[in-house]
Amino acid sequence: MDTTAQADFVVVSNRLPVDRSGDDDGWRRSPGGLVAALEPMIQSTGGAWVGWPGQPDIEVEPFEFDGMRLAPVALSTDDVELFYEGFSNDTIWPLYHDVISPPAYHREWWDAYVRVNERFARAAASVAAPDATVWVHDYQLQLVPRLLRELRPDVVIGYFHHIPFPAYGIYAQLPWRTQVLEGLLGADVIGFQRVADAGNFARAVRRRLGFETKAGSIRVPTADGGVRTAIAKAYPISIDAAAYDELARRPEVQARAREIRESLGDPKTVLFGVDRLDYTKGIGHRLKAYGELLREHRLDVEDVTLVQVASPSRERVAAYMQLRDEIELTVGRINGDHDTVGHTAIRYLHHAYPREEMVALYLAADVMLVTALRDGMNLVAKEYVASRVDGLGVLVLSEFTGAADELTQAVLVNPHDIDGLKDAIVTAIDMPVAEQRRRMRALRRRVRDHDVADWSRSFLHDLTAVREARDSDGTDGTEDAEGTEDTRA
Ligand code: G6P
């Protein structure tokens with residue numbers, strides 16, 4: 001494979017789909033759905049993936065990995081601090097998650113964000129073949145669509161936003177609110193997780209830029225006095241449901257699930273939470289509800305154990321360090337108050353686990369607790385459902401996740417309402433088997449019928465339609481400004 005040739009299909013994301021965090025210095029595929037979803041498409045089209053290799057200050061030449069062409073973008077130690085930890089994860093992340101943690105606004109961080117987005121746009125522009133399709137991902141790269149369009153007006157550009165897009169009253173705090181909207185509007189199709197996110201974006205565009213929007217079509221004035229249409233629409237992301245189903249049917253995974261329950265002392269009920277250790281996930285709210293249930297003797301440590309996997313994340317950002325301290329203090333207190341020699345209230349694991357082990361944990365869990373305060377989608381909820389090949393188990397799911405729009409047969413909760421959360425946990429623990437089966441059947445159907453392949457297909461279908469419209473009218477997708485009716489909604 002010629003790793004320097006240009007590609008007809010290019011994916012751009014902050015991280016490459018591989019990392020080098022293992023002991024042997026070799027590249028390994030990152031876990032996660034995006035890689036699984038896009039890899040077949042990249043392999044079959046000879047496509048390329050542009051992204052950061054995950055470590056500061058390493059310059060890596062383009063290379064091939066399992067039939068994918070990877071084009072690394074280097075970040076210096078300063079870039080990591082200002083662009084990644086700073087603007088991406090201490091400004092945009094908390095702002096877009098409804099200011100659960102206060103966002104910090106620093107002009108130096110913004111300058112780094114512009115600089116790094118320019119670098120990604122240049123890398124994408126140089127790897128894309130004439131008239132290529134380029135798919136940009138997530139909040140770290142919101143300026144890339146516009147920058148890339150300036151460099152390469154011939155390419156069709158998609159952007160998918162994996163996290164929430166907040167209501168205008170919150171978004172408006174951002175000192176660079178206009179530039180970010182203009183950056184995103186460089187794309188032909190701008191995808192969001194929920195209908196509400198796409199609506200918030202369209203409203204922000206109307207309020208800030210005064211562009212006309214109607215049913216997800218945004219009329220964007222072009223530099224030459226014309227107008228082009230950008231589409232803002234919901235495409236809820238999903239998982240490779242069949243892969244989870246297949247793993248969950250393996251005898252060795254089922255044996256591991258039994259072993260997990262045994263090693264927990266065979267409690268009547270295993271509760272399970274698994275999250276990146278992030279303040280958006282509502283881990284503290286979950287622990288508070290659980291601790292109160294134990295204290296009030298509505299639950300007994302002889303009967304129930306909570307397994308909480310908290311995978312390490314963004315550990316150099318102060319809000320994440322503080323969160324870890326708070327969670328670990330709370331876990332220690334609850335265990336100190338309620339553990340017996342033979343039983344533990346919370347088995348807390350600050351690790352990430354391979355997919356096989358996750359599926360065994362899902363199978364071992366009678367009740368799955370997803371209590372995020374705000375979450376773009378929450379794929380853990382879908383993974384749990386896809387893994388329950390026995391048709392049993394109860395999903396307790398926060399209303400503030402994108403997944404709640406689809407997984408309506410879960411026990412839906414408002415995690416801020418601790419009493420409501422406590423009641424929901426007890427309801428889930430006591431749920432009769434027949435009702436578990438009825439709910440799980442509907443949940444499983446939803447996840448099976450709308451998997452991650454379906455997600456990428458529908459996004460790319462809309463992107464292809466843009467290309468075809470361009471090709472058929474023989475223009476670059478723009479039209480004359482004159483004669484446009486007022487479609488402002
Ligand atoms: C979320 C974001 C992703 C990000 C991931 C892990 O899912 O939407 O863009 O890659 O978290 O975070 P990290 O900062 O480690 O990339």
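## A tour from the ligand to the core

Start at the ligand and select arginine 314: an N or O atom in its side chain is 2.8 Å from an oxygen atom of the ligand. Keep in mind that this is a predicted model.

Stay with the ligand and add tyrosine 84. A polar atom of the tyrosine 84 side chain sits 2.5 Å from a ligand oxygen. Next, pick glutamine 140. Here the distance from a side-chain N or O atom to an oxygen atom of the ligand is 3.2 Å. Now show the surface. On its own, the ligand has 380 Å² of accessible area, and the protein covers 70% of that.

**The shell**

Select the whole set around the ligand: Arg15, Tyr84, Asn89, Trp93, Asp138, Tyr139, Gln140, His162, Ile163, Arg276 and Arg314. Color these residues by type. You should get four nonpolar, three polar and four charged. Which helix gives the most to this shell? Highlight helix H2, residues 77-96; it supplies three residues.

**Along helix H2**

Remain on helix H2 and click serine 88, which has its place there. Is serine 88 buried or exposed? Its relative accessibility is 0%, so serine 88 counts as buried; the cut-off for buried is under 20%. Then show the backbone of phenylalanine 83. Its oxygen lies 2.8 Å from a polar side-chain atom of serine 88. That pair falls within the 3.5 Å limit for a polar contact.

**Helix H7**

Jump to helix H7, residues 195-209, and select aspartate 197. Buried or exposed? Aspartate 197 has a relative accessible area of 0%, so this residue is buried. Now draw a line from the C-alpha of aspartate 197 to the C-alpha of isoleucine 231. The line spans 13 Å, while the two residues are 34 apart in sequence.

**The nonpolar core**

Finish with the largest nonpolar core, which has 104 residues. Which of its residues touch the most other members? Select Phe120, Leu185 and Phe201. Then turn on helix H3, residues 107-127. This helix brings eleven residues, the largest share of the core. Last, color by domain. Domain 1 covers 7-237 + 455-477, and domain 2 covers 241-449. The core draws at least three residues from each of them.

**To keep on screen**

Leave three selections visible. One is the ligand with arginine 314, tyrosine 84 and glutamine 140, each with a side-chain atom placed by a ligand oxygen at the distances given above. Another is the pair of buried residues, serine 88 and aspartate 197. The last is the core with Phe120, Leu185 and Phe201.

Notes:
Residues are numbered from 1 along each chain as its sequence is written. This is a predicted model: local features need pLDDT of at least 70, side-chain atom pairs count only at pLDDT 80 or more; totals for chains, interfaces and linings use all residues. Side-chain values use heavy atoms; hydrogens and water are left out. A residue is near a molecule or strand if one of its heavy atoms lies within 4 Å of it. A polar contact is a pair of N or O atoms within 3.5 Å; within protein, one must be able to donate a hydrogen and the other to accept it, and residues adjacent in sequence count only if both atoms are side-chain atoms. Accessible areas come from the Shrake-Rupley method with a 1.4 Å probe; for residues, only the protein chains shown count as cover. Helices (H or I, at least four residues) and strands (E, at least two) are DSSP runs, numbered from the N terminus. Ala, Val, Leu, Ile, Met, Phe, Trp, Tyr, Cys and Pro count as nonpolar, Asp, Glu, Lys and Arg as charged, and the others, Gly among them, as polar. A nonpolar core is a set of buried Ala, Val, Leu, Ile, Met, Phe, Trp, Tyr and Cys residues joined through side-chain atoms within 4.5 Å. Buried means under 20% relative accessible area, exposed over 50%, partly exposed in between (1.4 Å probe, protein chains only). Domain bounds come from an automatic or database domain assignment.
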